[in-house]
Amino acid sequence: MKEIINLFIAFAKVGVLTFGGGYAMLPILQREIVEKNNWAEDDELMDYYAIGQCTPGVIAVNTATFIGQKNKGLLGGIMATLGVVTPSLIIITAIAAFISNFSDLAIVKNAFAGVRVCVCVLILNAVMKLWKSSVVDKATLIIFIGVFLGSVLTDLSPILFIVITAIAGIVIKNWGGSLNDLPSVIF
C-alpha cells in the first residue's frame, strides 16, 4: 500500500510542477521516476512517453498510467493517473474562479510571459538529456535529423513519425545492428 501512495505522491509532484504541457514535464518525470524512485530506466521512460503521445489523451496522464500500471498493476495505474491530474484540477478550479477578474492586469500578463520562457528552457533541458541517451550512433542521428526536418518543414502527424521511426529501427537492427555497421560507401 505504501508503494501505491508513493506513486500518487510522485505523480502529484509531477502534476503540480508541470507548466506548459507534456514536454515540460520530462525533466520532472525523469527525476521523480528514474532517479528518485527507480520505477523505470531512461530508455523505458522514453518508450512510455512515446506511446503516451500516440495514444488518445494527455501525454502526462497516459505516461502516468503506463508507469503506475507497470509497477503496481491496475491500482497503480489508477493512483498514478489520479496523482498527476489532481493538482491540475485543484489549480484550474481556483484559477477559473478568479482569472476573469485579473487576466487584464499587466502583472498577470507578465507572469505568464515569464512562465512561457521557463517552459521553453525546461523543454530544451529535457531535449538535451534525451539527446544523450537517444542519439547514440549514425542511425539514430540520421533518424533524428529526418524527424526534425520533417516536423519543421511539414504538417505531418507525430504519430506518423513514430510509426516510420519504429519501422526504421526494426529494419536497421535486422540489417546489421546500426548504421555504423554498414559499409561507409552508403554514407
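Two residues are said here to touch, or to be in contact, when they have heavy atoms within 4.5 Å of each other. The model is predicted, so local features need pLDDT of at least 70 and side-chain atom pairs count only at pLDDT 80 or more, while totals for chains, interfaces and linings use all residues. Residues are numbered from 1 along each chain as its sequence is written, and side-chain values use heavy atoms, with hydrogens and water left out.

Leaving aside residues up to four places away in sequence, Gln30 touches Glu35, Asp42, Leu45 and Lys129. With the same kind of neighbours left out, Gln69 touches Leu74, Gly76 and Gly77, and the C-alpha atoms of Gln69 and Met79, 10 residues apart along the chain, are separated by 9.1 Å. The table sets out where each glutamine lies, helices being DSSP runs (H or I, at least four residues) numbered from the N terminus, and how accessible it is, where buried means under 20% relative accessible area, exposed over 50% and partly exposed in between (1.4 Å probe, protein chains only).

| Residue | Helix | Relative accessible area |
|---|---|---|
| Gln30 | helix 2 (residues 26-36) | 10%, buried |
| Gln69 | helix 4 (residues 59-102) | 45%, partly exposed |

The lining of the largest pocket has 23 nonpolar residues (Ala, Val, Leu, Ile, Met, Phe, Trp, Tyr, Cys and Pro), 5 charged ones (Asp, Glu, Lys and Arg) and 9 polar ones (the others, Gly among them). A pocket is an open set of points on a 1 Å grid over the protein atoms alone, where a 1.4 Å probe fits, with protein on both sides within 12 Å along at least five of seven lines, and its lining residues have an atom within 4 Å of a point. Helix 3 (42-54), helix 5 (106-134), helix 6 (138-153) and helix 7 (158-176) each supply at least two residues of this lining.
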